[in-house]
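Let's go through this model together, one "how do you know" at a time. Each reply puts a value beside its cut-off and then draws the conclusion.

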Amino acid sequence: MDLALLLDKTILILILFGVTLFIAMYSTYAERKVAAFLQDRIGPDRAGPFGILQPLADGVKMFMKEEIIPNTADKWLFIIGPGIAMCTALMTSAVIPWGKNITIGGHEIVLQVADINIGILYVFGVVSLGVYGIMIGGWASNNKFSLLGAIRASSQMISYELAMGMALIAILMSTGSLSIRDIVENQHGWHWNVLYQPLSCLIFIVCAFAECNRTPFDLPECESELVGGYHTEYSSMKLGFYLFAEYTNMFISSAIISSLYFGGYNFPGMDAFSGNTLAIIGTAVFFAKIFFFIFFFMWIRWTLPRFRYDQLMRLGWQVLIPLAIFNILATGTWMTFKGQLGF
Amino acid sequence: MQLTNRSKVVSNKQMTLAEKMYLPAILGGMWITIRHFFRKGATVRYPEVKREVSTVYRGKHVLKRDEQGRENCTACGLCAVACPAEAITMDAAERKKGEEHLYREEKYAAKYEINMLRCIFCGLCEEACPKQAIYLTPEFPAANYDRSNFIFGKDKLVEPIDKRIDVSLRKKVHTS
Ligand code: SF4
Ligand code: SF4
């Protein structure tokens, strides 16, 4: 490994880290603004013009709050919990291709931290680790509400991961690769996967909502039943970490949805550009898609009420998984016969 | 037995397949919320913008003076008795010689306090007053960080002699 590559990657990782945190921070602001607009209000507007300094004020508030660790809690696990949640939330971004390669003075920079050939599996692996943050936090709090929230979180995540994986298999079949870069490259121009695999896309998005614990699947932290769910006992910046991890997850899932189904950095009419221009426009388009999906997450949250627990499980096991399997079958049949029927 | 004509029959009917798909309902809901997104908010940005209130709005009180600038209140305590929130307290004092230009009656309120956090702005004090000394005005008691600052004394309540407050509309409310 030469030094230039090492430098490239380090800088990219730092930028990504900053951008992710920045977007997660401003997602909290966006969430409140979107909620306000959807409810005919105007949202936070006191800190700075249009309230754009609100996240900073929130951050300062979080840091200044008194830190309370319950006497009966398992102290170490209680502290590790939010850390795991945050770590796993940040790790996923490593395999997402943020744009085409940029060339600066003959030196090619790859806008992806690691193009591993099992990118999708890596994402799934890290996402399933994410449940540990919630589970450990909820369990270590030694509080019934937290425990219930943690149990719900784990069962919900495990159930929906299955359907999510199944939905993806159809994409893998048509692309023939597990690398996210390959999948994105495959959707050149407007040949986005959502047009070829709408069912798979729908299942994936629904599961992504469940994985992120967003409404209508926010049962792990439903305020009306479980006080705060798994983070009932948390205060100060530990609570901040959990909330932050949720927004980071939202950002990353939006990125993954956009790259798997909505063409990533591809856009119609991209052949008119080339080189660095194309790369930069591509990245901008990619981020536009990501922001749309973040908005979509919020839009859904302020539209739909929460599912009941049995409805959640029924939807996952009896509807989404069979549908996903059906989708795999249909894709397989199509791929087998399309050559023979002369398409 | 039917008690009201608003009762609804609960139906436990199974959802049809279309309803079970959830999607049409979800899209319908999203359509409704996105329309609200572009609507003008109902928020009034207080304190920069004050919401318009009626001319006979019951807000902060004023202790009136008469035409010669003398305080009307005679510290009879009827307002305090009438007050359902027990927000009013006062200390009475006797008018000394030479104070006739300050107080209209022989007895006056040396101290007169209304706790604005207790007050419910019902206006019963002004109805009880036999001397037409206290009225409610359309002004809001300003927000504050300290609860003790909400106990308004005579300094805040008595109307300034050079800036008289017109309460004729409130007076009309009681005579009509
Ligand atoms: S307005 Fe009503 S509550 Fe307020 S001081 Fe007068 S009588 Fe009491
Ligand atoms: S305000 Fe009126 S009712 Fe109250 S003490 Fe003075 S004169 Fe009496």
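Q: How many residues of chain B are in contact with chain A, and how many residues of chain A take part?
A: This is a predicted model, so everything here is computed from its atoms. In it, 17 residues of chain B are in contact with 18 residues of chain A. Contact requires heavy atoms within 4.5 Å.

Q: What makes up the area buried between chain B and chain A?
A: The buried area is about 1,600 Å², and carbon and sulfur atoms give 68% of that.

Q: How many salt bridges does the rule find across the interface of chain B and chain A?
A: There are two. The side-chain nitrogen must lie within 4 Å of the carboxyl oxygen. B:Arg45 and A:Asp45 come to 2.8 Å, N to O, and B:Glu48 and A:Arg46 have their closest N and O atoms 3.0 Å apart. Both pairs are salt bridges.

Q: Why is the pair of B:Glu48 and A:Arg46 said to join two chains?
A: B:Glu48 sits in the loop between α2 (23-37) and β1 (61-63) of chain B, while A:Arg46 sits in the loop between α1 and α2 of chain A, so the pair joins two chains.

Q: Which salt bridge do A:Asp45 and A:Arg46 form with each other?
A: Their side chains meet in a salt bridge at 3.2 Å, N to O. A:Asp45 thus appears in this pair and in the pair with B:Arg45; A:Arg46 appears here and in the pair with B:Glu48.

Q: Why are A:Asp45, A:Arg46 and B:Glu48 put into separate classes of accessibility?
A: Buried means under 20% relative accessible area, exposed means over 50%, and partly exposed lies in between. A:Asp45 has 18%, so it is buried. A:Arg46 has 48%, so it is partly exposed. B:Glu48 has 54%, so it is exposed.

Q: How do you know that A:Glu67 and A:Lys238 form a salt bridge, and what does the pair tie together?
A: Their side chains meet at 2.5 Å, N to O, and the cut-off is 4 Å. A:Glu67 is in the loop between α2 and α3 (75-91) of chain A and A:Lys238 is in helix α10 of chain A, so the pair ties together parts that are 171 residues apart in sequence. At 39% relative accessible area A:Glu67 is partly exposed, whereas A:Lys238, at 13%, counts as buried. Elsewhere, salt bridges with shared partners join A:Glu31, A:Arg214, A:Glu246 and A:Arg301 into one network.

Q: Why is A:Ser254 called buried, and what does it touch?
A: Its relative accessible area is 0%, and the limit for buried is under 20%, so the label fits. A:Ser254 belongs to helix α10 (residues 236-261) of chain A. Leaving out residues up to four places away in sequence, A:Ser254 touches A:Ile290, A:Phe293, A:Ile294 and A:Phe297.

Q: What makes the phi values of A:Asp40 and B:Gln132 worth a look?
A: Most residues other than glycine have a negative phi. A:Asp40 has a positive phi of about 60 degrees although it is not a glycine, and B:Gln132, also not a glycine, has a positive phi near 50 degrees. A:Asp40 is in the loop between α1 (3-38) and α2 (54-64) of chain A; B:Gln132 is in the loop between α4 (124-128) and β4 (134-136) of chain B. With 19% relative accessibility, A:Asp40 counts as buried, while B:Gln132, at 44%, is partly exposed.

Q: How do you know that the radius of gyration of chain A agrees with a compact globule, and what does chain B have?
A: For 343 residues, a compact globule would have a radius of gyration near 20 Å; chain A has 21 Å, which agrees. For 176 residues the globule value is near 16 Å, but chain B has 26 Å. Along its principal axes, the C-alpha trace of chain B spans about 90 × 50 × 35 Å.

Q: How many helices and strands are in each chain?
A: Chain A has twelve helices and two strands. Chain B has six helices and five strands. Of the residues, 53% count as buried in chain A and 31% in chain B.

Terms used. Residues numbered from 1 in each chain as written. Chains lettered and ligands numbered in written order. Predicted model: local features only at pLDDT ≥ 70, side-chain atom pairs only at ≥ 80, totals over all residues. Heavy atoms only, no water. Buried area = accessible area lost by both parts, 1.4 Å probe. Helix = DSSP H or I, 4+ residues; strand = E, 2+ residues; numbered from the N terminus. Rg over C-alpha atoms; globule rule 2.2 N^0.38 Å. Buried < 20%, exposed > 50% of the residue type's maximum accessible area, 1.4 Å probe, protein only.
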